[in-house]
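Please open the structure in your viewer and keep the sequence panel visible beside it. The tour proceeds by selections, each followed by a short account of what is found there.

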Amino acid sequence: TVHSFPTRRSSDLAANQSEPGCGGSAVEFTQTEGGHRGGYLMTVTTSKAESAGWGSIFLVYCYGLLAIASAGKMAPIAADMGKALGSSPQEIGWIIGLLFIAPTLGSTLGGSAVDRYGARPMLAGACVLIVIANAICYISDSLGLIEAARLIEGIGFVAITAAAPSLLIMTTSGKRQTGAMALWSTYFAAGISAGLLLAAPFSA
């Protein structure tokens, strides 16, 4: 798309000659004769940004993979947790299920948050929440604190599952977008499996 704007300031040419436009735009200044009183004609050519590379796509995929691995990691160590905390199997099952309360109740809010704050900040914030929640689970011997940490982790999970596919859609197009979304569709099963496999060596 090409847009032309008249400008009479020669400083515009000096200031913008070497700078690219935003979002893949190119800016060009052409001196005019008479039509714009000897000023300059600024032409802005915009084009769709190139699709994200597969490295970036896989990185976004890993966010979802690791987030859902938090659900799978609990099953192999459930019995050990029950003994350490003096908790019943029902209480341990509640801890495992707490991760999914936030996604069940807040998925729509997650989409609204992406619209308001952006996908990248949401991903960064989600990672911080998940790290904090896992640290609490690691150091705590209180059932109540672990339950609270799982709820926090669930909020991080909502943020990732809302922001990651949005980011993939925004930064890809055509066949690459189709491939990226096909890859994203496997994150849940792959993440659960990864959590089970990574936690299994730590079970007694």
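The stops below concern a pair of helices, a group of charged side chains and a single leucine. Please bear in mind throughout that this is a predicted model.

**First stop: two helices side by side**

Select residues 143-171, which form helix α7, and then residues 174-184, which form helix α8. How are the two helices oriented with respect to each other? They pack at an angle of about 160°, and their axes are 9 Å apart. Because angles over 145 degrees count as roughly antiparallel, α7 is described as roughly antiparallel to α8. The crossing of α7 past α8 is right-handed.

Next, display the side chains where the helices meet. On the α7 side, select I160, T161, A164, P165, L168 and I169; on the α8 side, select Q177, A180, M181 and W184. Colouring this contact by residue class shows eight nonpolar residues, two polar residues and no charged ones.

**Second stop: the salt bridges**

How many salt bridges does the structure hold? There are two. As general background, side chains of opposite charge can pair when their charged atoms come close.

Select E153 and K73 and show their side chains. These side chains meet in a salt bridge, with a distance of 3.5 Å from N to O. E153 belongs to helix α7, whereas K73 lies in the loop between α2 and α3, so this pair ties together parts of the chain that are 80 residues apart in sequence. Both E153 and K73 are buried.

Keep E153 selected and add R150. The side chains of E153 and R150 form a salt bridge at 3.2 Å, again from N to O. Here both partners lie in helix α7, three residues apart, which is about one turn of the helix. R150 is buried, as is E153. Through shared partners, the salt bridges join K73, R150 and E153 into one network.

**Third stop: a leucine in helix α2**

Now select residues 54-72, which make up helix α2, and within that helix pick out L66. Is L66 buried or exposed? Its relative accessibility is 58%, and because a residue counts as exposed when this value is over 50%, L66 is classed as exposed.

Finally, add F188 to the selection and draw a distance between the C-alpha atoms of L66 and F188. The separation is 9.5 Å, although the two residues are 122 residues apart along the chain.

Terms used
Residues numbered from 1 in each chain as written. Predicted model: local features only at pLDDT ≥ 70, side-chain atom pairs only at ≥ 80, totals over all residues. Heavy atoms only, no water. Helix = DSSP H or I, 4+ residues; strand = E, 2+ residues; numbered from the N terminus. Buried < 20%, exposed > 50% of the residue type's maximum accessible area, 1.4 Å probe, protein only. Axes fitted to C-alpha atoms, helices over the stretch in contact; angles between N-to-C directions. Parallel < 35°, antiparallel > 145°, perpendicular 65-115°, else oblique. Left-handed = near helix turned anticlockwise from the far one by under 90°. Contact = heavy atoms within 4.5 Å. Nonpolar A, V, L, I, M, F, W, Y, C, P; charged D, E, K, R; others polar. Salt bridge = Lys/Arg side-chain N within 4 Å of Asp/Glu carboxyl O.
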